[in-house]
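Reader: I would like to learn how to read a protein model step by step, beginning with the way helices are placed against one another. Could we go through one together?

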Amino acid sequence: MVLSATQVGDYDRRLVILTKERGKLSAFARGARRTGNALTAACQPFTYGKFSLFAGRDAFRVQNVEVDNYFDEVKTNLDGITYGTYFCEMADYFTHENLNAKEQLKLLYMTMRALIKKQVAYSLIRRIYEIRMLALDGEEMQVFSCVKCGNSGTGYVFRARQGGLVCVDHCQIDYDIGELLHPSTVYSLQYILSASLEKLYSFQVSPEVQAELDGICSAFLEEYVDRQFRSSEFLDSLSCNLTS
């Protein structure tokens, strides 16, 4: 899938492509901005398909693309474009050259499909994607038992620095009653980290649970990701405008 496309010179494009076999690759599409060029339509962000690349001396060149999905429906509204860009930006950050990225690519593909289907709120799609992408990167939240004592409790708070849930039944911790997570939030976290990718985007949550997932993901990203994604700032501003 094309994660990003930038103009090079008058007629060329530089693509960042996420591949199953070799992770993230950069490739140049010569003449892709010329009218009538066969590569023009394919050299756009979100394009998913089979890319034939030629390994030149200094860089890959795109020879041919067999497109399976342009994800044009995502581009029909500002929210879709912004969320899609954010997901691609995260994929760009968390993947690397010459490292297998089969699961990351599949997650991104299923996430883009969820945006098209519109059966799950975009805000929930975002949090699901963030949690699974970080887990694939080795930063998986511990949500099936307490990170401190290992026991399962009936009341939990989330502690990003500790990496997951802390039970209030067995652990002597200072917490505010407002920090206690709704049981449905705990279940949602467990489902997000255990469900197959095919079934990942198959549930909805209440506004209360969504708000708790928002807080959990924001704290976790701040703790474990040393980058502020450009598109996330715009997403946050959209959320503020919707709630104000």
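Author: Let us begin with the words for angles: those under 35 degrees count as roughly parallel, those over 145 as roughly antiparallel, those from 65 to 115 as roughly perpendicular, and the rest as oblique. Please keep in mind throughout that the model shown here is predicted.

Reader: How does one describe two packed helices in general, and at what angle do the axes of H3 and H4 cross?

Author: Two packed helices are described by the angle between their axes and the distance between the axes. In this model the axes of H3 and H4 come within 9 Å and cross at roughly 55°, and H3 and H4 are therefore oblique to each other. The crossing of these two helices, H3 and H4, is right-handed.

Reader: Which residues in H3 and H4 meet?

Author: From H3 come Ile 128, Ile 131, Arg 132 and Ala 135, and they meet Leu 189, Ile 192, Leu 193 and Ser 194 in H4. Sorted by class, the residues of this contact between H3 and H4 are 6 nonpolar, 1 polar and 1 charged.

Reader: What is the angle at which H2 and H3 pack?

Author: H2 and H3 pack at an angle of about 175°, and their axes lie 11 Å apart. Because angles over 145 degrees count as roughly antiparallel, H2 is roughly antiparallel to H3. On the side of H2 the contact is made by Glu 103, Gln 104, Leu 107, Leu 108, Thr 111, Ala 114 and Leu 115, while H3 contributes Tyr 122, Ile 125, Tyr 129, Arg 132, Met 133 and Leu 136. By class, the contact of H2 with H3 has 9 nonpolar, 2 polar and 2 charged residues.

Reader: Where do nonpolar side chains tend to be in soluble globular proteins, and which residues touch the most other members of the largest nonpolar core here?

Author: In soluble globular proteins, nonpolar side chains tend to be buried together. The largest nonpolar core of this model has 65 residues, among which Leu 108, Tyr 129, Met 141 and Tyr 201 touch the most other members. Several elements give two or more residues to this core, including strand S2 (12-19), helix H1 (78-94), helix H2 (102-117) and helix H3 (122-136), and the largest share, 9 residues, comes from H3. There is also a second, separate core of 15 residues, which includes Ala 32, Ala 42, Phe 51 and Phe 60.

Reader: With which residues is Leu 108 in contact, leaving aside its neighbours within four places in sequence?

Author: With those neighbours left aside, Leu 108 is in contact with Met 1, Leu 3, Leu 18, Phe 87, Cys 88, Ala 91 and Tyr 129.

Reader: Which of the two words, buried or exposed, fits Phe 71, and which fits Lys 118?

Author: Phe 71 is buried, with a relative accessible area of 0%, and the place of Phe 71 is in the loop between strand S5 (60-69) and H1. Lys 118, which is found in the loop between H2 and H3, is exposed, with a relative accessible area of 53%. Although Phe 71 is not a glycine, it has a positive phi of about 50°, and Lys 118, which is not a glycine either, has a positive phi of about 60°.

Reader: To finish with the chain as a whole, how many helices and strands does the chain have?

Author: The chain has 6 helices and 7 strands, and of its 244 residues 45% count as buried. Along its principal axes the C-alpha trace spans about 65 × 40 × 30 Å.

How values were computed:
Residues are numbered from 1 along each chain as its sequence is written. This is a predicted model: local features need pLDDT of at least 70, side-chain atom pairs count only at pLDDT 80 or more; totals for chains, interfaces and linings use all residues. Side-chain values use heavy atoms; hydrogens and water are left out. A nonpolar core is a set of buried Ala, Val, Leu, Ile, Met, Phe, Trp, Tyr and Cys residues joined through side-chain atoms within 4.5 Å. Buried means under 20% relative accessible area, exposed over 50%, partly exposed in between (1.4 Å probe, protein chains only). Helices (H or I, at least four residues) and strands (E, at least two) are DSSP runs, numbered from the N terminus. Contact means heavy atoms within 4.5 Å. Axes are lines fitted to C-alpha atoms, for helices over the stretch in contact, and angles run from 0 to 180 degrees between N-to-C directions. A crossing is left-handed if the near helix is turned anticlockwise from the far one by less than a right angle, and right-handed if clockwise. Ala, Val, Leu, Ile, Met, Phe, Trp, Tyr, Cys and Pro count as nonpolar, Asp, Glu, Lys and Arg as charged, and the others, Gly among them, as polar.
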